[in-house]
Amino acid sequence: MEYTENYHLPSWAKTDRICMETFNDMTTKLDTALNEHKLAITTKAEQRNLTALTTRVDTCSSCQIYYATYIGTGESGQAHPKSYTFPSQPILFAVLELGRGYAFFAIRGTGSAPLNESDAKVGITWNGTTVSWYSVNPTAHMNVEGRGYAIIALLAADE
């Protein structure tokens, strides 16, 4: 049996016998490498977002923390985005599901955000003082009927 150069993964020939231990070792190596790659990408994206936020806050001579709540209506998906209009332009905002721990946050200009501890994504649109978001995943859409949500934002007070 031959092995790949970079990750030493098995590369079977037609005449090789596939051994379960070898196969399981390969899937463990792949799973570990893919998870490390995912963590590295996530960490780099978080660092870029933090740098962008720091730069934005540094240029803002005065900022305001804003808080609001709403009750979900049950609509979800791209055809039914949830929108919120702030008193001034948001630099950063977060939506949290009260009592359940689900949350996402976004820095102005980002087009999507992950729902914490999941693979679900939230699409985001920025338009002046209004932010809209949606997801095909009803939980990530943050609009499940009858559930309470909180919005926390950092607003530019000098714009």
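Two salt bridges are counted here, and both can be found around one glutamate in this predicted model. Glu97 meets the side chain of Arg100 in a salt bridge, at 3.1 Å from N to O. Glu97 also forms a salt bridge with Arg147, where the closest N and O atoms are 3.1 Å apart. This second pair links distant parts of the chain: Glu97 belongs to strand S5 (residues 90-97), while Arg147 sits in the loop between helix H2 (138-141) and S10, 50 residues apart. Through shared partners, the salt bridges join Glu97, Arg100 and Arg147 into one network.

Is Glu97 buried or exposed? Its relative accessibility is 3%, so Glu97 counts as buried. Arg147, in contrast, has a relative accessible area of 24% and is partly exposed.

Now to the nonpolar interior. The largest nonpolar core has 24 residues, and those touching the most other members are Phe86, Phe93, Val95, Phe104, Ile124 and Trp133. At least two residues of this core come from each of strand S3 (63-71), S5, strand S6 (103-107), strand S8 (121-127), strand S9 (130-134) and S10. Which strand gives the most? It is S10, with four residues. For a closer look at one core member, take Val95: beyond its neighbours within four places in sequence, its contacts include Tyr70, Phe104, Trp133, Met142 and Tyr149.

Aromatic rings deserve a paragraph of their own. The count comes to 10 aromatic pairs, and two of them are set out below.

| Ring pair | Distance between centres | Angle between planes | Arrangement |
|---|---|---|---|
| Tyr70 and Tyr149 | 5.0 Å | 15 degrees | stacked |
| Phe86 and Phe93 | 6.2 Å | 65 degrees | edge-to-face |

Tyr70 lies in strand S3 and Tyr149 in strand S10, so their pairing ties together parts that are 79 residues apart in sequence. Tyr70 counts as buried at 11% relative accessibility, and Tyr149 is buried at 0%. Phe86 and Phe93 are buried as well. Ring pairs also link Tyr66, Tyr70, Tyr84, Phe86, Phe93, Phe104, Trp126, Trp133 and Tyr149 into a cluster.

Finally, let us move to the surface. There, Ile65, Tyr67, Leu96, Leu98 and Ile152 form a nonpolar patch, with about 490 Å² of accessible area together. One of these residues, Ile152, is placed in strand S10 (residues 148-156). Ile152 has a relative accessibility of 34%, so it counts as partly exposed. Strand S10 thus appears in several parts of this account: it holds Ile152 of the patch, it holds Tyr149 of the stacked pair, and it gives four residues to the core.

Technical notes
Residues numbered from 1 in each chain as written. Predicted model: local features only at pLDDT ≥ 70, side-chain atom pairs only at ≥ 80, totals over all residues. Heavy atoms only, no water. Patch = residues over 30% accessible without salt bridge, like charges linked within 9 Å, V, L, I, M, F, W, Y side chains within 5 Å. Areas by Shrake-Rupley, 256 points an atom, 1.4 Å probe, with all protein chains shown as cover. Salt bridge = Lys/Arg side-chain N within 4 Å of Asp/Glu carboxyl O. Buried < 20%, exposed > 50% of the residue type's maximum accessible area, 1.4 Å probe, protein only. Core = buried A, V, L, I, M, F, W, Y, C linked by side-chain atoms within 4.5 Å. Contact = heavy atoms within 4.5 Å. Phe/Tyr/Trp six-rings, centres within 6.5 Å; stacked < 30°, edge-to-face > 60°.
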